[in-house]
Amino acid sequence: RLLWPPDALPIVAPRLLSPMVAPFRDAKDMAEQAKAGSCVVVGPAAGDGARAYVEALAETGRPLVLDADVFTAFKDDAAGLSALLTAPAVLTPHAGE
């Protein structure tokens, strides 16, 4: 199940062939819905909410895969990001992130 910010959902959903997609209201709602999954990917299309999403998701204890906008959100606070990651996490930065 893929959770997307409501403004990104109409853009992304038509391009996906089989995943179930759902919107969320805010970071707290996203974290609550994410508890149903075994792992959470955060970053692509997260935009300005990326930091709040990571903070809320870190509290779920679910393993995280972090990419894209997450690194922009924490670009000046790597120690803050590291402190949030108490569950297993995979970080996938690319050049420029």
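This dialogue walks through a predicted model, from its sheet to its buried residues and its cavity.

Visitor: Start with the sheet. What is the strand order, and is the pairing parallel or antiparallel?

Guide: Read a sheet by its order first. Here three strands form an open sheet, in the order β3-β4-β5. The pairing is parallel.

Visitor: Which are the edge strands?

Guide: An edge strand pairs on one side only. In this sheet those are β3 and β5, the latter covering residues 89–91. From one strand to the next, the twist averages 15°.

Visitor: How many bridges join β3 to β4?

Guide: There are 3 bridges between them, and the two strands run parallel. Take V40 as a case: its bridge partner in β4 is L64.

Visitor: Which strands does α3 touch as it packs on the sheet?

Guide: Helix α3 touches β3 and β4. The direction of α3 makes about 160° with that of β3.

Visitor: Which residues of α3 are buried?

Guide: Helix α3 spans residues 50–58, and its buried residues are A50, Y53, V54, A56, L57 and A58. Next, ask what they pack against. The partners are α2, β3 (40–42), β4 (64–66), α4 (69–73) and α5 (78–84).

Visitor: Now α2. Is A34 buried or exposed?

Guide: Judge burial against a cut-off: under 20% relative accessible area counts as buried. A34 has 7% relative accessibility, so A34 is buried. A34 lies in helix α2.

Visitor: What is A34 in contact with, leaving aside neighbours within four places in sequence?

Guide: With that filter, A34 contacts L3, V40, L57 and R62. Look at L57. A34 and L57 are 23 residues apart along the chain, yet their C-alpha atoms are separated by 7.6 Å.

Visitor: And why does Q33 count as buried?

Guide: Use the cut-off again. Q33 is buried because its relative accessible area is 18%, which is under 20%. Q33 is also found in helix α2, residues 27–34. Setting aside neighbours within four places in sequence, Q33 is in contact with R1, L3, A22, P23 and F24.

Visitor: Last feature. How many cavities of 30 Å³ or more does the structure hold?

Guide: The structure holds 1. The largest cavity has a volume of about 30 Å³.

Visitor: Which residues line the largest cavity?

Guide: The lining is A58, R62, L64, L84, L85, T86, A87 and P88. Then sort the lining by character: 6 residues are nonpolar, 1 is polar and 1 is charged. Two lining names have come up already. A58 is one of the buried residues of α3, and L64 is the bridge partner of V40.

How values were computed:
Residues are numbered from 1 along each chain as its sequence is written. This is a predicted model: local features need pLDDT of at least 70, side-chain atom pairs count only at pLDDT 80 or more; totals for chains, interfaces and linings use all residues. Side-chain values use heavy atoms; hydrogens and water are left out. Helices (H or I, at least four residues) and strands (E, at least two) are DSSP runs, numbered from the N terminus. Buried means under 20% relative accessible area, exposed over 50%, partly exposed in between (1.4 Å probe, protein chains only). Contact means heavy atoms within 4.5 Å. Two strands pair if DSSP finds at least two bridges between them. Axes are lines fitted to C-alpha atoms, for helices over the stretch in contact, and angles run from 0 to 180 degrees between N-to-C directions. On a 1 Å grid over the protein atoms alone, a cavity is a set of points where a 1.4 Å probe fits but cannot get out, and a pocket is an open set with protein on both sides within 12 Å along at least five of seven lines; lining residues have an atom within 4 Å of a point. Grid points are joined across faces, edges and corners, and a volume is the space filled by probe spheres set on the points. Ala, Val, Leu, Ile, Met, Phe, Trp, Tyr, Cys and Pro count as nonpolar, Asp, Glu, Lys and Arg as charged, and the others, Gly among them, as polar.
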